[in-house]
Amino acid sequence: EYVRPFDDVEGRRMYLRCARALNNRDLLIRAAEIEQLSLPVLILWGEADDYQDPAVGQRLADRLGAARLVVLKDAGHFLPEDQPEEIARLMRAFIRETSAR
């Protein structure tokens, strides 16, 4: 269902227009400030992510002081669809753990 809108030429043109419009300038400007946050962070990543290698998640975790990376086997880019029960379990555990602090 995610790719169906891009099956034809017009759909692919629309996708390219959207991709070109992405702008992460604000995020990049604030990157140093974000890295200084001491909030607990749970980063979930799919081992088989076709878009972003898990090494990207590790670099992110390394830059955030209180981050923990969990790489899920048999999961790709769409974690809630690939492993919804495991995502829910990990999030519940993280919330319990961090709210007790």
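Helix H6 buries Ile87, Leu90, Phe94 and Thr98. Looking down the axis of H6, those buried residues sit within an arc of 70°, so they line one face of the helix. This is a predicted model, and its chain comes out at 6 helices and 2 strands. The radius of gyration is 17 Å, well over the 13 Å that the globule rule gives for 101 residues, so the chain is more spread out than a compact globule.

**Helix H6**

- A helix with one buried face fits a simple rule: an α-helix has 3.6 residues a turn, so residues three or four places apart point the same way.
- The cover over the buried residues of H6 includes strand S1 (41-46), strand S2 (67-72) and helix H5 (79-82).
- Flip to the face turned away from the buried side of H6, and you find the exposed residues Glu85, Ile95, Arg96 and Ser99.
- The length of H6 checks out too: its 16 residues should span 22 Å at 1.5 Å a residue, and the end C-alpha atoms are 22 Å apart, which agrees.
- Thr98, a residue of H6, has a relative accessible area of 18%. It counts as buried because the cut-off is under 20%.
- The Thr98 side chain also reaches back to the backbone oxygen of Phe94, at 2.8 Å.
- Glu86 belongs to H6 as well, which runs over residues 84-99, but Glu86 is partly exposed, with a relative accessible area of 24%.
- From Glu86 to Asp50 is 36 residues along the chain, and their C-alpha atoms are separated by 20 Å.

**Helix H4**

- H4 covers residues 54-63, and its buried residues are Pro54, Gly57 and Ala61. Viewed down the helix axis, they fall within an arc of 50°, so they line one face of H4.
- What do the buried residues of H4 pack against? Their partners are S1 and S2.
- On the face of H4 turned away from the buried side are the exposed residues Arg59, Asp62 and Arg63.
- The N-terminal end of H4 has a cap: a side-chain oxygen of Asp53 lies 2.8 Å from the backbone nitrogen of Ala55.
- Ala61 is one of the H4 residues, and it is buried at a relative accessible area of 7%.
- Setting aside residues up to four places away in sequence, Ala61 touches Ile43, Ala67 and Leu69.
- For a long-range distance, take Ala61 and Arg13: they are 48 residues apart in sequence and 35 Å apart in space, C-alpha to C-alpha.

**Trp45 in strand S1**

- Trp45 lies in S1 and counts as buried, at 14% relative accessibility.
- Beyond its neighbours within four places in sequence, Trp45 is in contact with Gln52, Asp53, Pro54, Val56, Gly57, Leu69, Val70, Val71, Leu72 and Leu79.
- That list includes Asp53, the residue that caps H4, along with Pro54 and Gly57, which are among the buried residues of H4.
- The C-alpha atoms of Trp45 and Gly57 are separated by 6.7 Å, with the two residues 12 apart along the chain.
- Trp45 also has a polar link to Gln52: its side chain reaches the backbone oxygen of Gln52 at 2.9 Å.

**Asp74, an odd backbone angle**

- Most residues other than glycine have a negative phi.
- Asp74 goes the other way, with a positive phi of about 55° although it is not a glycine.
- Where does Asp74 sit? It is in the loop between S2 and H5.
- Buried or exposed? Asp74 counts as exposed, at 71% relative accessibility.

**The chain overall**

- Read along the sequence, the pattern is α-α-α-β-α-β-α-α.
- The C-alpha trace spans about 50 × 35 × 20 Å along its principal axes.
- Of the 101 residues, 20% count as buried.
- Taking contacts between residues at least 6 apart in sequence, 59% join residues at least 24 apart.
- The chain exposes about 8000 Å², with carbon and sulfur atoms supplying 56% of it.

Terms used:
Residues are numbered from 1 along each chain as its sequence is written. This is a predicted model: local features need pLDDT of at least 70, side-chain atom pairs count only at pLDDT 80 or more; totals for chains, interfaces and linings use all residues. Side-chain values use heavy atoms; hydrogens and water are left out. Helices (H or I, at least four residues) and strands (E, at least two) are DSSP runs, numbered from the N terminus. Buried means under 20% relative accessible area, exposed over 50%, partly exposed in between (1.4 Å probe, protein chains only). A polar contact is a pair of N or O atoms within 3.5 Å; within protein, one must be able to donate a hydrogen and the other to accept it, and residues adjacent in sequence count only if both atoms are side-chain atoms. The expected span of a helix is 1.5 Å times one less than its number of residues. The arc is that of the directions from the helix axis to the C-beta atoms. Contact means heavy atoms within 4.5 Å. The radius of gyration is taken over C-alpha atoms; the globule rule is 2.2 Å times the number of residues to the power 0.38. Accessible areas come from the Shrake-Rupley method with a 1.4 Å probe; for residues, only the protein chains shown count as cover.
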